[in-house]
Amino acid sequence: MKNLTLSTENDLENFIKSKKYMKVFVISGKKSYTISGASHLLKKILKKKIVKFYLKNSSYPEISELKKIVFSIKDFLPDLILAVGGGSVIDYGKIANVVQNITNLEKHIINSSFKFKKKYTQLVAIPTTAGSGAEVTSNAVIYIDKIKYSLENKLIKPDRFFLIPELVVNSSKKIKAAAGFDAIAQAVESLISKKSNYQSAYYAKKSLNISLKYYLEYLKRPNIENSTAMCLAANLAGKAINISKTTAPHAVSYPFASLYGLSHGHAVSLTIEKFLKFNYVNHNSAKCNFDLQSRYKNIFEIFKVKNILELEKLFIDMKSKANLIDDFKKLKINLNTQLDKIIDGVNLQRLRNNPVDLNKKDVKTILLGFN
Ligand SMILES: [Fe+2]
């Protein structure tokens, strides 16, 4: 990664200058805007522009805050929207830029009757985590009454992105651990997703070859080199899931984020090795147009393990080193009393991408199996 350069602060500055934008709407996170160094950078770059900020509050994208952002954009009439933050900030920007009217917005999202007409204006994504890969995907997540919905359309994808490693190097270890794990989970889920194809597998493998080399070092001793590597790995994993979508660990993660406030990457990490094992053990009943067992062979090679048990152990060790707690008792989640509520929040659309068919009862068994 030594000789690799992604975007630089100058690239962003030159882009904004060259396009003669007048009014810039910036969406960012309350804390991350300063911690990442974005506030310092944008102060310089946007000096001569008319700027309006929205600094988001909630830890996951939810409908009432989305409406405030839409309202604020319509009021300000920007010619450029900059979404500077993690996956939630970028998802807010992506959805806000396609919402024409907030009347009945919840109803349309819930009933999948949302009409995508056009983008409001140019949207540029600048991730401050490495990450969700949200800068390259055509879908975005929004929660209504703690249930996750996904909007998907080519108009959702940001027009441009800038990967600036200097903006991700200063995030907390907790954010780095969760976001980096998300990138790893997205890439490995992509490889076994029913919708996986040659192109998505190429991106996912490339992503994992980088992330597995740099993830733990990035947590322990963050520097520009490993931040660059993780930005690239996250971006490639984003490109992979933009084609293949995610599978069971993501489908089951959403209630853990909305009901218990776990970060997205942490929520995904809870079940990853369990579902990987379930799919491997049941590969004979897989319903995908590729050979799942040979795909697992690829995964073993990439992870440098011999079999599924070693892969399982590797993920458990990785989570432990990253301090991503997966013990429900320690997380104060009582599965015995909360299970039905959790299962209600499972995303069935993502569950259907799992190579082996799973129903809610299977998910219950898998969740209870390791409590
Ligand atoms: Fe994710």
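This is a short walk through one protein model, from its domains down to single residues.

Good morning. A word of caution first: the model is predicted.

Let's start with the overall layout. The protein splits into two domains. Domain 1 covers residues 9–166, and domain 2 covers 172–369. Their centres, taken over C-alpha atoms, are 25 Å apart. The two domains touch. Domain 1 gives 22 residues to the contact, and domain 2 gives 27. Which element supplies the largest share on the domain 1 side? That is strand E6, residues 147–152, with 3 residues. And what is that side of domain 1 made of, by class? It has 10 polar residues, 8 nonpolar and 4 charged.

Now the sheet. Five strands make it up, and it is open. Read across, the order is E2-E1-E3-E4-E7, and the pairing is parallel. In general, the strands of a sheet pair through backbone hydrogen bonds. Which strands stand at the edges here? Strand E2, at 50–56, and strand E7, at 160–161. Each has a single partner strand, so one side of each has no neighbour in the sheet.

Look at strand E1 next, residues 23–29. On one side, E1 pairs with E2 in the parallel sense, over 7 bridges. One contact to find on screen: Lys23 has Ile50 of E2 as its bridge partner. E1 also runs parallel to strand E3, residues 80–85, and 5 bridges join these two. Here Val24 has Leu80 as its bridge partner in E3. Further along, Ile27 stands opposite Ala83, also in E3. Is E1 buried or exposed? Of its 7 residues, 6 are buried, so E1 is largely enclosed by the rest of the structure.

On to helix H8, residues 198–220. Let's check its length. It has 23 residues, and at 1.5 Å a residue it should span 33 Å. The end C-alpha atoms are 34 Å apart, so the two values agree. H8 does have a kink, though. The bend is about 40° and is centred on Tyr214. Tyr214 is also among the buried residues of H8. Others on that list include Ser200, Ala204, Leu208, Ile210 and Tyr218. What do the buried residues pack against? Three helices: H7 at 173–192, H9 at 224–244 and H13 at 292–303.

While we are at H9, find Glu225, which sits in that helix. Glu225 counts as partly exposed, because 17 other C-beta atoms lie within 10 Å. Compare its position with Asn97. The two are 128 residues apart in sequence, and their C-alpha atoms are 33 Å apart in space.

Last, two loop residues with unusual backbone angles to look up. Ser112 has a phi near 55°, a positive value in a residue other than glycine. Where is it? Ser112 lies in the loop between helix H6, at 105–110, and strand E4, at 122–127. Ser112 counts as exposed, because it has 11 C-beta neighbours inside 10 Å.

The other is Asp145. Its phi is near 50°, again positive, and again the residue is not glycine. Asp145 lies in the loop between strand E5, at 139–144, and E6. With 10 other C-beta atoms within 10 Å, Asp145 is exposed. E6 should sound familiar: that strand gives domain 1 the largest share of its side of the contact.

That's the tour. Thank you.

How values were computed: Residues are numbered from 1 along each chain as its sequence is written. This is a predicted model: local features need pLDDT of at least 70, side-chain atom pairs count only at pLDDT 80 or more; totals for chains, interfaces and linings use all residues. Domain bounds come from an automatic or database domain assignment. Two residues are in contact if their C-beta atoms, placed from the backbone, lie within 7 Å. Helices (H or I, at least four residues) and strands (E, at least two) are DSSP runs, numbered from the N terminus. Ala, Val, Leu, Ile, Met, Phe, Trp, Tyr, Cys and Pro count as nonpolar, Asp, Glu, Lys and Arg as charged, and the others, Gly among them, as polar. The expected span of a helix is 1.5 Å times one less than its number of residues. The bend at a residue is the angle between axes fitted to the seven residues ending there and the seven starting there. A residue is buried if 20 or more other C-beta atoms lie within 10 Å of its own, exposed if 12 or fewer, and partly exposed in between; C-beta atoms are placed from the backbone. Two strands pair if DSSP finds at least two bridges between them.
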